[in-house]
Amino acid sequence: MIKLRSDLALISEWVQPRSHILDLGCGDGILLKHLRDTREVTGYGLEINEVHIENCVADGINVIHFDLDDLNKGLCDFLHSSFDYVVMTQALQTIRRPDLLLLEMLRVGGQGIVTFPNFGHWTCRVSLGLRGVMPISPALPDEWYDTENIHLCTIRDFEKLCNDLGIEITRRAVVDPDHRTRLLMNIAPNLFGEIAIYQIQKG
């Protein structure tokens with residue numbers, strides 16, 4: 001049994017069996033492998049890291065070497081509505097223009113699923129407000145000078161962006177790094193949610 005990261009475990013429950021998906025920044029392909037083996041899902045992964053690509057190939061995952069930050073190209077290699085789902089996990093905050101990529105996701109896929117660390121979590125606020133330093137947590141484990149994150153955002157930031165782009169949010173979950181949802185997360189998700197997971201579609 002594959003041990004999935006918390007957000008990937010929840011995503012696997014949201015994806016319908018026998019769907020066709022595109023996984024942006026698929027890493028070593030663990031989500032695609034799990035969905036293939038448990039839900040008969042087909043699809044492709046896009047990844048820039050050559051070591052991850054080799055791991056995908058070794059596991060029989062269809063993977064394409066691809067730079068998600070190529071603003072001139074976008075996802076132009078893929079036709080409109082060619083996938084049931086386009087997934088992007090823990091990569092939104094690493095993209096130079098996440099707004100453009102979200103629109104591209106919904107051009108090529110009927111549904112989008114996005115996860116990201118919530119920079120509005122209370123521990124981030126305490127770290128900045130009281131200690132005056134960038135936070136380090138299970139959801140944000142790297143030092144500020146050694147991180148791929150360039151556009152950290154909060155749950156409210158993301159929801160405002162979706163509203164500005166005319167994107168409809170169809171499902172949301174907030175969890176901690178162990179895939180647990182607490183009562184306070186439901187009451188005040190922007191304050192107590194560490195990882196945000198959204199399912200979106202065209203408005």
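**Strand partners, pockets and cysteines**

Biologist: Where does Thr89 sit relative to E5?

Modeller: Thr89 stands opposite Thr115 in E5. Keep in mind that this is a predicted model.

Biologist: What makes E4 and E5 a pair?

Modeller: Two bridges are the minimum for pairing. Strand E4 (residues 83-89) and strand E5 (residues 109-117) are joined by six, and they run parallel. One of the partnerships sets Tyr85 against Gln111 in E5.

Biologist: Which strand is joined to E4 by four bridges?

Modeller: That is strand E1 (residues 20-24), which runs parallel to E4. Leu22 stands opposite Val86 in E4.

Biologist: What makes E7 a partner of E5?

Modeller: Again the threshold is at least two bridges. Six bridges join E5 to E7, and the two run antiparallel. Val114 has Tyr198 in E7 as its bridge partner.

Biologist: How do you know that E6 and E7 pair?

Modeller: Eight bridges link strand E6 (residues 167-175) with E7, in the antiparallel sense. Pairing asks for at least two, so E6 and E7 qualify. Arg171 stands opposite Gln199 in E7.

Biologist: Why is E5 called largely enclosed?

Modeller: Eight of its nine residues are buried, so the rest of the structure largely encloses E5. E4 gets the label because six of its seven residues are buried. In E7 (residues 195-202), six of the eight residues are buried, so E7 too is largely enclosed.

Biologist: Why is Glu47 called buried?

Modeller: Buried means under 20% relative accessible area. Glu47 has 8%, so it counts as buried. Its place is in strand E2 (residues 42-47).

Biologist: Which backbone nitrogens does the side chain of Glu47 reach?

Modeller: Cys26 and Asn49. The backbone nitrogen of Cys26 is 3.3 Å away. For Asn49, the backbone nitrogen lies 3.0 Å from a polar atom of the Glu47 side chain. The limit for a polar contact is 3.5 Å, so both distances fall within it.

Biologist: What makes Asn49 a cap?

Modeller: A side-chain oxygen of Asn49 lies 2.9 Å from the backbone nitrogen of Val51, at the N-terminal end of helix H3 (residues 50-58). Just after H3, Gly60 takes a positive phi of about 75°.

Biologist: Why is Lys33 called partly exposed?

Modeller: Partly exposed covers the range between 20% and 50%. Lys33 has 22% relative accessibility, so it counts as partly exposed. Lys33 lies in helix H2. Its C-alpha is 32 Å from that of Tyr145, a residue 112 positions away along the chain.

Biologist: How many disulfides does a search of the whole structure find?

Modeller: Zero. Cys56 is in no disulfide, and the nearest cysteine sulfur, in Cys26, is 4.0 Å away. The cut-off is 2.5 Å, so this pair does not count.

Biologist: Why is there no bond for Cys76?

Modeller: Its closest cysteine sulfur, in Cys26, is 18 Å away, which is too far for a bond.

Biologist: Is Cys56 buried or exposed?

Modeller: Cys56 counts as buried, because its relative accessibility is 0%.

Biologist: What makes up the lining of the largest pocket?

Modeller: The largest pocket has a volume of about 950 Å³. Its lining holds 36 residues. They divide into 16 nonpolar, eleven polar and nine charged. Nearest the centre lie Thr89, Gln90, Ala91, Thr94 and Glu148. Thr89 is thus part of this lining as well as facing Thr115 in E5.

Biologist: Which helix gives the most to that lining?

Modeller: H1, with three residues. Helix H1 (6-14) and helix H2 (30-39) each supply at least two.

Biologist: What is in the largest cavity's lining, by class?

Modeller: Three nonpolar, four polar and one charged residues. The lining consists of Asn118, His121, Thr123, Cys124, Ser137, Ala139, Leu140 and Glu194. Glu counts as charged, so Glu194 is the charged one.

Biologist: Why is that space a cavity rather than a pocket?

Modeller: In a cavity, a 1.4 Å probe fits but cannot get out, whereas a pocket is open. About 40 Å³ of space lies in this largest cavity. The search of the whole structure finds one cavity of 30 Å³ or more.

Terms used
Residues numbered from 1 in each chain as written. Predicted model: local features only at pLDDT ≥ 70, side-chain atom pairs only at ≥ 80, totals over all residues. Heavy atoms only, no water. 1 Å grid on protein atoms, 1.4 Å probe; cavity = no way out; pocket = protein on both sides within 12 Å on 5 of 7 lines; lining within 4 Å. Points joined across faces, edges and corners; volume = space filled by probe spheres on them. Polar contact = N/O pair within 3.5 Å; in protein donor to acceptor, adjacent residues only side chain to side chain. Buried < 20%, exposed > 50% of the residue type's maximum accessible area, 1.4 Å probe, protein only.
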